[in-house]
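Welcome! Open the structure viewer beside you and work through these exercises at your own pace.

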Amino acid sequence: MDILGLRRANCKSCHKCIRVCPVKSIEFSGQQAKIIGSECILCGQCVVTCPQNAKVVRSDLPRVKQAMAEGRRVVASLAPSFIVDFPVDGVEEMAGMLEKLGFAATAETAHGAYLVKSEYERMVREKRQDIIISTCCPSAVRLVQKYFPDLVDCLAPVVSPMEAHARYLKEQDPDAYVVFIGPCISKKAEAEDYPDSAVDCVLTFEELRGWAEEAGVEPESVPCDREGRRSRFFPKTGGIIQSMDRENTGYRYYAVDGPDRCVAALRDIRGGRLHNVFLEISICEGSCVSGPMIRASQGGMLECQDRVTDYAAPGFPDRRPVRDFDTADVPLERHTAPQPVREKVPTDEELTAILEKMGKTSSADELNCGSCGYPTCREKAKAVFNGKAEITMCLPYMRERAESLSDKILGSTPNAILVVGEDLTVQQINGAGCRLLELPRPEAAVHKPVEEFLDPVDFIFVMEDGRPIKDRKVWLEGCKKFVEETIVYDIENKLLLAIMKDITAQEEENRRTQELRQQTLDVTDRIIQKQMRTVQEIASLLGETTAETKVALTKLRGAVAEGEKRE
């Protein structure tokens with residue numbers, strides 16, 4: 001499993017990890033930021049910076065617990081920066097806690113630091129190298145290997161304090177299962193990258209803290225060493241140099257921390273103008289006291305530096321430590337091979353084509369805002385060329401694209417749209433709105449009171465009541481038009497949005513239809529009345545004729561009946 005992983009559901013496309021990554025070893029695709037293992041220096045900045053905890057550090061606790069379950073003699077090599085991350089006065093208190101967790105013994109990695117610094121002193125005395133770069137920080141070593149491979153020969157051919165101490169512990173007990181515990185993620189890779197490593201497993205302070213909390217174990221107060229050791233200075237910026245004997249060596253000593261300063265220093269060395277230089281280099285600002293696995297609730301950097309100083313040299317600067325750890329005959333040599341990162345380099349034409357896709361058609365368009373995580377638009381374009389970035393990561397480009405789409409929608413809609421502020425001034429109006437209100441251009445309305453063009457009563461009602469007005473028919477006296485009005489209140493942005501559909505033609509048509517209907521009704525009424533009179537007249541005439549006929553027929557029938565009787 002990779003040392004750094006990703007919780008996909010947590011990654012929110014914020015680009016923060018790209019922004020802080022000193023070597024841009026992150027591929028962004030499918031709205032996910034994926035670490036490129038072959039390019040990563042494991043500085044852990046992405047882990048610290050990610051606001052969603054999307055970056056996951058591999059846990060090696062199961063390996064340690066398994067070794068204990070198998071009956072192995074598990075020994076802890078404790079990085080000297082423990083003094084800033086745990087509420088203890090010395091390694092003795094940490095040893096008691098680790099013993100409760102199952103460790104057979106605990107020793108300070110500072111002993112390995114003493115062996116390493118002694119080897120550095122020997123190199124300086126013998127003037128083995130013109131430029132000597134310390135090899136205590138594995139992330140710094142990886143930076144040189146991958147991005148300054150031409151400077152690999154400047155790295156001191158010496159193992160790190162972690163490795164030196166593990167070799168020492170194995171010399172004492174070849175069967176010991178050595179576990180390094182420290183603030184660094186890249187130590188996990190260091191233990192795995194070298195086949196000759198004496199380190200069996202690496203735990204971070206974060207893993208140890210979680211394990212102790214789970215087991216309900218805490219450090220207990222016990223008597224601790226109060227005399228100090230010079231090699232305990234190692235975790236602070238300049239701590240390596242501070243622990244060394246530097247008189248009359250002919251070398252100049254520089255301590256550099258932080259990724260940007262490390263890169264700048266390596267470029268200076270690449271320039272070839274520096275000679276007889278010992279360079280202490282640490283990727284983390286503040287060196288190991290600010291490692292990525294130092295808990296977030298710690299004190300400030302200066303406070304941490306003071307904690308290290310007080311532990312290494314109680315009473316400093318009036319009293320300086322004269323003691324250090326015992327010497328040991330441990331092999332310390334290690335040569336580092338270059339592992340250059342090779343990226344494709346786009347031609348000027350290819351770079352220009354990508355920039356144009358990003359909406360950068362001139363140098364004035366290259367804002368270099370850094371929102372994508374890259375320092376310049378051209379660096380972002382190179383990342384796109386190498387498949388590490390997407391065009392859509394450019395915030396100004398996406399904003400302009402959204403604004404362009406918004407403008408097209410506002411410009412093409414037949415409805416009038418007005419955006420009004422809480423102070424009842426017009427903030428925006430589209431072309432249809434200008435035509436509706438008979439304005440020559442939007443500037444004639446923007447930043448002016450809405451009451452100059454519309455009755456503000458509805459706007460005030462919506463703002464005070466909070467409920468929208470939907471499809472209300474309104475007569476605009478100023479322009480003699482009917483509109484269908486909808487007003488909504490965006491409380492978050494403190495804006496009122498009015499959408500007005502011109503229904504004047506429809507109303508005119510409705511009026512004409514209504515008039516025609518009324519005319520038809522009037523005509524119909526007149527016809528009905530006339531027809532009724534005619535019917536009544538006919539009925540009257542028919543009534544008189546019928547009566548006369550009935551009388552005549554009755555008389556006729558009577559006459560006939562009389563005749564029959566006579567016969």
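A salt bridge is a side-chain nitrogen of Lys or Arg within 4 Å of a carboxyl oxygen of Asp or Glu. Before you use that idea, note that this is a predicted model, in which local features need pLDDT of at least 70 and side-chain atom pairs count only at pLDDT 80 or more, while totals for chains, interfaces and linings use all residues. Residues are numbered from 1 along each chain as its sequence is written, and side-chain values use heavy atoms, with hydrogens and water left out.

**Exercise 1. How many salt bridges does a search of the whole structure find, and which parts does the pair Asp 85 and Arg 209 tie together?**

Step 1. Searching the whole structure gives 40 salt bridges.

Step 2. One of them joins the side chains of Asp 85 and Arg 209, with N to O at 2.8 Å.

Step 3. Place the partners: Asp 85 belongs to helix 4 (residues 82–85) and Arg 209 to helix 10, so this pair ties together parts 124 residues apart in sequence. Helices here are DSSP runs of H or I with at least four residues, strands are runs of E with at least two, and both are numbered from the N terminus.

Step 4. Check the surroundings. Buried means under 20% relative accessible area, exposed means over 50%, and partly exposed is in between (1.4 Å probe, protein chains only). Asp 85 is buried at 0%, and Arg 209 is buried too, at 11%.

**Exercise 2. Are Asp 150 and Arg 270 buried or partly exposed?**

Step 1. Find the pair: Asp 150 and Arg 270 form a salt bridge whose closest N and O atoms are 2.9 Å apart.

Step 2. Asp 150 sits in the loop between helix 7 (138–147) and helix 8 (161–172), and Arg 270 in helix 12 (residues 259–270), so the bridge ties together parts 120 residues apart in sequence.

Step 3. Apply the cut-offs: Asp 150, at 47% relative accessibility, is partly exposed, and Arg 270, at 40%, is partly exposed as well.

**Exercise 3. Where do Arg 167 and Glu 163 lie?**

Step 1. Both residues are in helix 8, four residues apart, which is about one turn of the helix.

Step 2. Their closest N and O atoms are 3.0 Å apart, and the two form a salt bridge.

Step 3. Both Arg 167 and Glu 163 are buried.

Step 4. Now look for a group: Arg 58, Asp 60, Arg 63, Lys 188, Glu 192 and Glu 207 are joined into one network by salt bridges that share partners.

**Exercise 4. At what angle do the axes of helix 3 and helix 10 cross, and which residues meet?**

Step 1. Axes are lines fitted to C-alpha atoms, for helices over the stretch in contact, and angles run from 0 to 180 degrees between N-to-C directions. The axes of helix 3 (residues 61–69) and helix 10 (residues 205–215) come within 11 Å and cross at roughly 60°.

Step 2. Name the arrangement: helix 3 is oblique to helix 10. Angles under 35 degrees count as roughly parallel, over 145 as roughly antiparallel, 65 to 115 as roughly perpendicular and the rest as oblique.

Step 3. Contact means heavy atoms within 4.5 Å. From helix 3, Leu 61, Val 64, Lys 65 and Met 68 meet Glu 207, Trp 211 and Glu 214 of helix 10.

**Exercise 5. How do helix 14 and helix 15 cross?**

Step 1. The axes of helix 14 (residues 348–357) and helix 15 (residues 377–385) come within 9 Å, crossing at roughly 105°.

Step 2. Helix 14 is therefore roughly perpendicular to helix 15.

Step 3. Residues making the contact include Leu 351 and Ile 354 of helix 14, and Ala 381 and Phe 385 of helix 15.

**Exercise 6. What is the phi of Lys 127, and where does Lys 127 lie?**

Step 1. Start from the general pattern: most residues other than glycine have a negative phi.

Step 2. Lys 127 is not a glycine, yet has a positive phi of about 50°.

Step 3. Lys 127 lies in the loop between helix 6 and strand 7 (131–133), and is partly exposed with a relative accessible area of 49%.
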